[in-house]
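Hello,

Here is the structure for you to look over. My notes on it follow below.

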Amino acid sequence: MNQSPSGRRGAYTGETMAVGRRQPGRRPGTIWRRVKLGLALALAAALVGAALLYWQVHRLAAAITVPEVRPNPTLATPLVGANLLLIGVDARPDHPEEGVRSDTLILARLDAAGRWVSLLSIPRDTQVELPDVGTTKINVAYGQGFARAAELYGPDTSPEQGGMALAAQTVERFLDLRRHGMRVDYTAQVNFDGFAGVIDALGGVTVDVPTLIVDDEYPTPDFGTMRVEFQPGPQRMDGARALIYARTRHADSDFGRAERQQQVLRAILHEFQSKGGPAQVAAVPALLASVAGEGGATPPVLTTMPIDRLDVLLGLMSLAGGLDPDSIGQLRISPDVVGLTENGSNLIWNAEDIQALLDTFAAPPSEGREGATVQVLNGTGTPGLARTVSLELEGAGFRILVPDNAPEGSYPRTTVYDTTGKPATSRRLAKTLHASTVRGAAPGVLSQADIVVILGGYPSSSGRRSPKPPPTVIGTTVTLLFGRPRMRATSSRTPNWPWVAV
């Protein structure tokens with residue numbers, strides 16, 4: 001039985017029809033949907049990672065953060081500017097009769113918004129007045145607060161809280177911070193184990209030792225002494241070795257030790273930043289564990305800074321990830337920059353010089369603000385080298401004093417000595433000369449300059465030679481001296497210097 005064409009769907013009519021063919025491949029919109037899915041998964045992973053990080057920080061804060069017991073607790077934040085007093089504590093639980101004291105005092109100015117940090121080291125023998133004690137050294141304040149915590153700050157105050165509080169109040173009075181509209185906003189104490197533990201958690205740090213250090217009287221935990229030695233040059237240090245480097249002082253002085261302590265702090269930051277994003281995240285658990293302590297014992301690190309408060313955490317993370325360690329302002333109270341009178345072993349510092357130093361501490365480092373002067377000393381056997389380099393540096397915009405010869409000795413490399421704390425100028429100078437930088441005075445040098453450059457690595461009295469000869473005429477690029485062209489003298493004029501064969 002025949003069926004009408006209208007009753008058959010799609011029946012052949014004898015006509016040729018063009019039928020569109022779907023091209024092979026993904027359907028429209030599939031790629032975009034997958035991109036959106038990938039972005040959503042990445043965002044979810046980032047949120048999970050951030051939540052996990054915050055959970056770890058919150059757990060750490062519960063272990064190491066203690067309430068502030070001083071009156072009128074601050075709300076300052078390192079996101080826009082806060083002062084943190086770092087206290088290195090010498091406490092020996094096996095010998096309670098020895099008491100506790102602050103081995104190190106460093107005031108840190110933290111400003112994440114301005115992307116800068118300044119450190120100010122305070123000598124432990126600084127003379128101060130303590131209530132109910134009288135004239136004493138500033139490092140006694142922590143021990144007094146520790147021993148009299150309940151008496152001074154209330155019955156619920158722990159010894160560590162009392163020690164940090166009295167140390168902070170004593171530093172505030174000594175520096176007269178109120179005169180600058182500042183205070184010690186937060187405190188953090190670190191014992192020897194905590195210092196070494198942080199470094200070990202990072203896998204060690206690299207420290208460029210500026211000069212030979214030999215200490216025949218380094219103190220041991222059993223109250224004995226031992227000999228320690230550090231050869232000059234970059235070297236890898238674990239926590240124990242870095243602790244010795246930061247504490248040794250008999251080879252020079254407490255002022256040299258203050259420089260080494262700041263140097264190791266910069267090395268810790270540099271080591272963390274050098275790991276890169278994924279490695280930094282992977283290092284966080286070990287870092288947190290190194291400062292949290294275990295077994296109910298007092299953690300090796302305690303602080304009054306609420307590190308799990310969001311603004312504080314963001315500020316600290318911004319500084320840890322983005323601050324150039326070489327841009328940190330490194331200042332110290334020392335005879336190089338502050339007038340000093342001695343009262344036995346106590347150090348009495350000129351109050352106005354302290355305030356001038358605080359002006360530098362409270363402002364972000366900048367070359368223009370520093371107005372640093374530079375003196376170049378010839379540590380080689382090549383006559384005229386310091387004069388030639390001084391001309392080149394003057395042409396590059398540095399303020400140059402009369403060049404001179406360096407003290408007799410061997411100088412295997414060119415070194416920039418930042419004597420008075422001019423980090424911005426000394427950093428550019430070191431980059432220009434491809435030199436290493438030392439915060440502190442050059443050994444055996446008496447100079448009125450803020451920064452001293454000792455040229456080294458070329459013919460010297462020891463007869464050692466560099467494979468590169470220095471330039472011999474003024475006005476040429478300093479290509480041979482420093483390895484590659486970096487600058488040109490603007491003219492070959494003779495400066496207003498008395499003639500010296502330097």
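**Strand β2 and its neighbours**

Start with strand β2, residues 100-111: 11 of its 12 residues are buried, so the rest of the structure largely encloses this strand. Please keep in mind that this is a predicted model.

β2 has a partner in strand β1, residues 82-91. The two run antiparallel and are joined by 10 bridges. One pairing to look up is Ala 82, whose bridge partner in β2 is Leu 110.

β2 also pairs with strand β3, residues 116-121. These two run antiparallel as well, with six bridges between them. Here Ile 106 stands opposite Ser 121 of β3. β2 and β3 form a hairpin with four residues between the strands. In that hairpin, Arg 115 has a positive phi, near 55 degrees.

**Nonpolar cores**

Which residues have the most contacts inside the largest nonpolar core? They are Tyr 245 and Val 264, in a core of 49 residues. Leaving out residues up to four places away in sequence, Val 264 touches Phe 195, Ile 199, Ala 242, Tyr 245 and Ala 246. Another core lies apart from this one and has 31 residues. Among them are Ile 87, Leu 175, Met 182 and Ile 354. Ile 87 falls within the residue range of β1, 82-91.

**A nonpolar patch on the surface**

Now to the outside. Ile 31, Trp 32, Val 35 and Leu 39 make a nonpolar surface patch of about 430 Å². Trp 32 sits in helix α1, which covers residues 30-64. Is Trp 32 buried or exposed? Its relative accessibility is 52%, and the cut-off for exposed is over 50%, so Trp 32 counts as exposed.

**The chain as a whole**

Some totals to close. The protein chain has 14 helices and 20 strands. It has 502 residues, and 48% of them count as buried. How much of the contact set is long-range in sequence? Taking contacts in the protein chain with a separation of 6 or more, 70% are between residues 24 or more positions apart. The protein chain exposes about 25,300 Å². Carbon and sulfur atoms supply 55% of that area.

If you open the model, two places to begin are β2 with its antiparallel partners β1 and β3, and the surface patch that includes Trp 32.

Best wishes

Conventions: Residues numbered from 1 in each chain as written. Predicted model: local features only at pLDDT ≥ 70, side-chain atom pairs only at ≥ 80, totals over all residues. Heavy atoms only, no water. Buried < 20%, exposed > 50% of the residue type's maximum accessible area, 1.4 Å probe, protein only. Pairing = 2+ DSSP bridges. Patch = residues over 30% accessible without salt bridge, like charges linked within 9 Å, V, L, I, M, F, W, Y side chains within 5 Å. Areas by Shrake-Rupley, 256 points an atom, 1.4 Å probe, with all protein chains shown as cover. Salt bridge = Lys/Arg side-chain N within 4 Å of Asp/Glu carboxyl O. Core = buried A, V, L, I, M, F, W, Y, C linked by side-chain atoms within 4.5 Å. Contact = heavy atoms within 4.5 Å.
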